[in-house]
Amino acid sequence: MKKKLLILGVLATLLLTGCGGSDKETAGTTGEKGKETTFVMGSSNFNGDFYEGWTNSAYDANIRRLVWGGGLLSPTDKGELTLSSFVESKTLSKSDPSKENDDIWTFKIKDGMKFSNGDPLTAKDVKFTYDFYMDKEALSDTGATTSLPEYIDRVELDEANNSVTFYLKKILYTIDNTVFGETMYILDSTNVLAETEKAGVTPQQWVKANMNTPIGYGPYKIDEYIESQYVKLSINENYQGNFEGDKPSIDHLIVQNVPEETKITQLVSGEIDGIVNIGKEENVDAVLADTSTLSTNNYFRHGGGQITFHNDFGPVQLPEVRKAFAYEFDRIKFRNIFLGKYGISSNAPYSRNMWMMYDEGEQFGTEGKFEKSLTSYDILDKDGNWDEAANLKEAHKLLDQAAAKTDGLYAKLTKDAKGIYLWEGKELTLNLAITSAWTDAINLTLTEKIQDKFGMKINVDSMDWSIMANNLYGNSALSERKYHMFTGGTSYVLKSNPYTDWSKTKILPYGKGTSSNTPRYVGDEELLITIRDANPSTDEGTANYKKNWRKWIVEVNKDLPSLPLYSNNYYDAYTNKVENFETNALWQWPYAIIKADFKK
């Protein structure tokens, strides 16, 4: 069986605007002879966590991609992984001839490699990086997590040969992506150790305290970071090029925090040069209408938006409550308000770019047979509209079933003589944390009238992403815990390993550090391990991976640890003065920008 990846439309986005100083850049800089070019990429706000392992957002991840470009393996524009430009070779072997998989991986680093600051990049840095991320205790003390010790037995350095050898405990299907891929960025050990000694702290503590000033070997280096405003970057002269040898032509990038409310106006007016991931109907229509100054490209999002339940907290510990809420929440109305005609449905954490979704002969990007088999938590009438009466009936049926049970947690959910549902003797109420972009769509969907009819009150609090993230990831104090649900988006990796984010080992006690299992859900661990450990080198292993991955999707669709709200038909829009800036669902703009330039 061949693995398939969907490569949908292409696009790119660039922005051009000044961020202070008298030499203010202007949109549409064309690179006159002797003048440097500057582009500004519009972005939602970042956390400033530009090292892997701590709080993650898609916007922080874009800065990391610009600074590092990849780990020992880097992605290609076809959603595959290849040797990074600083790696000379990869050699696989078996510790025992009887083993099915190659469990010894050796990477030789090219001689003469450098980080952006001029420090040498050698196999010694690779060894340091993996030791850094395999120190679970030191990472945990700073609020970070790691899964590397589950897969790596030991790492040996051959300094004379400038190589490093990994002895793997197990071979998982996604081993190349998870252990050696684009997020396992190599750290500058010379810099980290020198600064650590000066500060008298552990390397992990120093990195945590200096999250927004990373040193990498990617196409760009950070010149300036102003919290909640922008990141300025310039070309890294020591960059070796991407998998095709391409190096950036644009001298400076400014990744600027652009308000959701004004981003399209700024783009259309020429104040900025581009925006990626446009999905709302009015925004897409606005950029499609402006053919004189803008270019657009289109693809399906490799991710989606959802409401994440904290499955270990309050009423949402009961699957019946989660499902009842799902029937109360009119996802069709929400998508129409939030996105319009460019939103598409989703019923589990999958993407239409995943080859596992499709049977032989089915077209990628369509709603295949497997997707159609999943439960939709929107009951529709004969005209395709949300059927309020039918959804209400199903929600009450679930709550009544739960209220009739008296064992364990179910004893806390009751129904009084007036038909009011109670949790621990008080009216059943769920607290939902959102960010400002969701406010109108959430409030217009979860109206007081709907809440009264369904008998489940929803308190909605809007807040800054960084505040919500602390609650979502479990970093807030336990005494301050109050939210049962959170809105947010998810971007998927090149290869899906659900164990990475869903296993019980990823759930830390609330208030004790970052948990990458944000739903705090424990499902079929045995199934997760089976998916993870599928043999990546045989057709049988690939077939088993697909079969068991689908079983997991069926489980989370049934138990509903998170409620999928939408996926997107994405558009990226950018000034038509730009050429050769092509992105797709699996090739984000920080990679594509390497080939981009102004038209001459």
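**View 1. Helices H17 and H18 meet through a set of named side chains.** On the H17 side of this contact are Leu527, Leu528, Thr530 and Ile531, and on the H18 side they meet Tyr545, Asn548, Trp549, Lys551, Trp552 and Glu555. Sorted by class, the residues of this contact come to six nonpolar, two polar and two charged. As in every view here, the coordinates come from a predicted model. H17 covers residues 525-532 and H18 covers residues 539-559, and their axes come within 9 Å of each other. The angle at which the two axes cross is roughly 150 degrees, and the crossing is left-handed.

**View 2. Leucine 560 has a positive phi in the loop after H18.** Follow the chain on from H18 and you reach leucine 560, in the loop between H18 and strand S21 (562-575). Its phi is near 55 degrees, a positive value in a residue other than glycine. Is leucine 560 buried or exposed? Leucine 560 counts as buried because its relative accessible area is 0%, and the cut-off for buried is under 20%.

**View 3. Asparagine 580 also carries a positive phi.** Here the angle is about 60 degrees, although asparagine 580 is not a glycine. The residue sits in the loop between strand S22 (578-579) and helix H19 (589-592). With a relative accessibility of 48%, asparagine 580 is classed as partly exposed.

**View 4. The largest cavity is lined by residues from several parts of the sequence, among them Phe300, Ile344, Glu371 and Ser567.** How many cavities of 30 Å³ or more are there? The count is four, and this view shows the largest, which holds about 60 Å³ of space. Its full lining is Phe300, Arg301, Ile344, Ser345, Ser346, Tyr350, Ser351, Arg352, Glu371 and Ser567. By class, that lining splits into three nonpolar, four polar and three charged residues.

**View 5. Phenylalanine 50 is a buried loop residue.** Look for this ring in the loop between strand S1 (38-43) and helix H1 (58-67). Its relative accessible area is 0%, so phenylalanine 50 counts as buried. Which residues are in contact with phenylalanine 50, once neighbours within four places in sequence are left aside? They are Asp60, Ile63, Arg64, Trp68, Met211, Asn212, Pro214, Ile222, Tyr225 and Val231. Threonine 213 makes a handy landmark: it is 163 residues away from phenylalanine 50 in sequence, yet their C-alpha atoms are 7.4 Å apart in space.

**View 6. Aspartate 176 is a charged residue in helix H4.** The helix runs over residues 175-180. Aspartate 176 has a relative accessible area of 17%, so this residue counts as buried, given that the cut-off is under 20%. Beyond its neighbours within four places in sequence, aspartate 176 is in contact with Leu73, Leu81, Trp105, Gly181 and Lys495.

**View 7. Valine 284 is buried in helix H8.** This helix spans residues 281-289. None of the relative accessible area of valine 284 is left open, the value being 0%. Not counting residues up to four places away in sequence, valine 284 touches Ile278, Gly279, Tyr342 and Tyr571. If you zoom out to find serine 249, you will see that it is 35 residues from valine 284 in sequence and 29 Å away, C-alpha to C-alpha.

**View 8. Arginine 154 is partly exposed on strand S6.** Strand S6 takes in residues 152-158, and arginine 154 has a relative accessible area of 36%. Where residues up to four places away in sequence are not counted, arginine 154 touches Thr165, Phe166 and Tyr167. Lysine 127 lies 27 residues from arginine 154 along the chain, with 9.9 Å between the two C-alpha atoms.

**View 9. Glutamate 480 is an exposed loop residue.** The loop in question links helix H15 (465-472) and strand S20 (485-491). Is glutamate 480 buried or exposed? At 53% relative accessibility glutamate 480 counts as exposed, because the cut-off for that class is over 50%. Glycine 511 is 31 residues from glutamate 480 along the chain, and their C-alpha atoms are separated by 9.2 Å.

How values were computed: Residues numbered from 1 in each chain as written. Predicted model: local features only at pLDDT ≥ 70, side-chain atom pairs only at ≥ 80, totals over all residues. Heavy atoms only, no water. Helix = DSSP H or I, 4+ residues; strand = E, 2+ residues; numbered from the N terminus. Buried < 20%, exposed > 50% of the residue type's maximum accessible area, 1.4 Å probe, protein only. Contact = heavy atoms within 4.5 Å. Axes fitted to C-alpha atoms, helices over the stretch in contact; angles between N-to-C directions. Left-handed = near helix turned anticlockwise from the far one by under 90°. 1 Å grid on protein atoms, 1.4 Å probe; cavity = no way out; pocket = protein on both sides within 12 Å on 5 of 7 lines; lining within 4 Å. Points joined across faces, edges and corners; volume = space filled by probe spheres on them.
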